[in-house]
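Trainee: I would like to learn how to read helix packing and surface exposure from a model. Please take me through one case.

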Amino acid sequence: KATVSVLYWQGVAIMDLFGSTENQKIGVALTLMGLLFMFMGVLMLLDATLLTMGNIMFLIGMMMTMGGQRTKTFFFDEKRLRPSVFFFSGMKLQVRILSSGVFLVLYGYVIFGLLLEGFGALNLFGNFVPVAYRVMKSMPVIGNVLNVAAVQHAAYKFGLDTLPS
């Protein structure tokens, strides 16, 4: 039997997960938690443990949302191979992976690893930014902030929006 699952924030429906499987719902949650942990790791003066946990949750969340085969195709497609190498090598500099599969924190190159990972992420996920911008612009609170003239002008400079007439 089908049920409607809607994510609410202060009474406003943010995300309708109707028709999604349980794995996809858990994947979305893990991806968002991974992004939160990465943000917290940057706020905590590049805390490698939080960054590592964020990276792991983000990747597992993507795999659960998209499925294993589609994730493999996404990262290792011929056009995306170079950005994937940067993305994963940036993660590798933040985390030492032993052959036993145990993650130990740190080579000590967190800043360089973040730069490599950021470059790879921008090249991998850069096409999604305009779509995400348009979706956020239609949200209740965030949309008001994005409709401010200075923000619209900055979005225009980055190619995300057109200038209002």
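Mentor: We will go through helix pairs, then single residues, then a surface patch. Keep in mind that this is a predicted model.

Trainee: How are H1 and H2 oriented to each other?

Mentor: The general idea is that an angle over 145 degrees counts as roughly antiparallel. Here H1 (residues 22-43) and H2 (residues 48-66) pack at about 160°, and their axes are 7 Å apart. H1 and H2 are therefore roughly antiparallel. The crossing of H1 past H2 is left-handed.

Trainee: What is the relation between H2 and H3?

Mentor: Angles outside the parallel, antiparallel and perpendicular ranges count as oblique, and the perpendicular range is 65 to 115 degrees. The axes of H2 and H3 (residues 68-75) cross at roughly 120° and come within 6 Å, so this pair is oblique. H2 and H3 make a right-handed crossing.

Trainee: Is Thr-65 buried, partly exposed or exposed?

Mentor: Partly exposed means a relative accessible area between the 20% limit for buried and the 50% limit for exposed. Thr-65, a residue of helix H2, has 26% relative accessibility and therefore counts as partly exposed. The C-alpha atom of Thr-65 is 6.2 Å from that of Val-28, although 37 residues separate the two along the chain.

Trainee: Which residues form the nonpolar patch on the surface?

Mentor: A residue needs over 30% relative accessible area to be part of a patch. The nonpolar patch here consists of Leu-36, Phe-39, Met-40, Leu-43 and Met-44, with about 500 Å² of accessible area together. Met-40 lies in helix H1 and is partly exposed, at a relative accessible area of 33%.

Terms used:
Residues are numbered from 1 along each chain as its sequence is written. This is a predicted model: local features need pLDDT of at least 70, side-chain atom pairs count only at pLDDT 80 or more; totals for chains, interfaces and linings use all residues. Side-chain values use heavy atoms; hydrogens and water are left out. Patches are made of residues with over 30% relative accessible area and no salt bridge: like charges are joined within 9 Å, nonpolar side chains (Val, Leu, Ile, Met, Phe, Trp, Tyr) within 5 Å. Accessible areas come from the Shrake-Rupley method with a 1.4 Å probe; for residues, only the protein chains shown count as cover. A salt bridge is a side-chain nitrogen of Lys or Arg within 4 Å of a carboxyl oxygen of Asp or Glu. Helices (H or I, at least four residues) and strands (E, at least two) are DSSP runs, numbered from the N terminus. Buried means under 20% relative accessible area, exposed over 50%, partly exposed in between (1.4 Å probe, protein chains only). Axes are lines fitted to C-alpha atoms, for helices over the stretch in contact, and angles run from 0 to 180 degrees between N-to-C directions. Angles under 35 degrees count as roughly parallel, over 145 as roughly antiparallel, 65 to 115 as roughly perpendicular and the rest as oblique. A crossing is left-handed if the near helix is turned anticlockwise from the far one by less than a right angle, and right-handed if clockwise.
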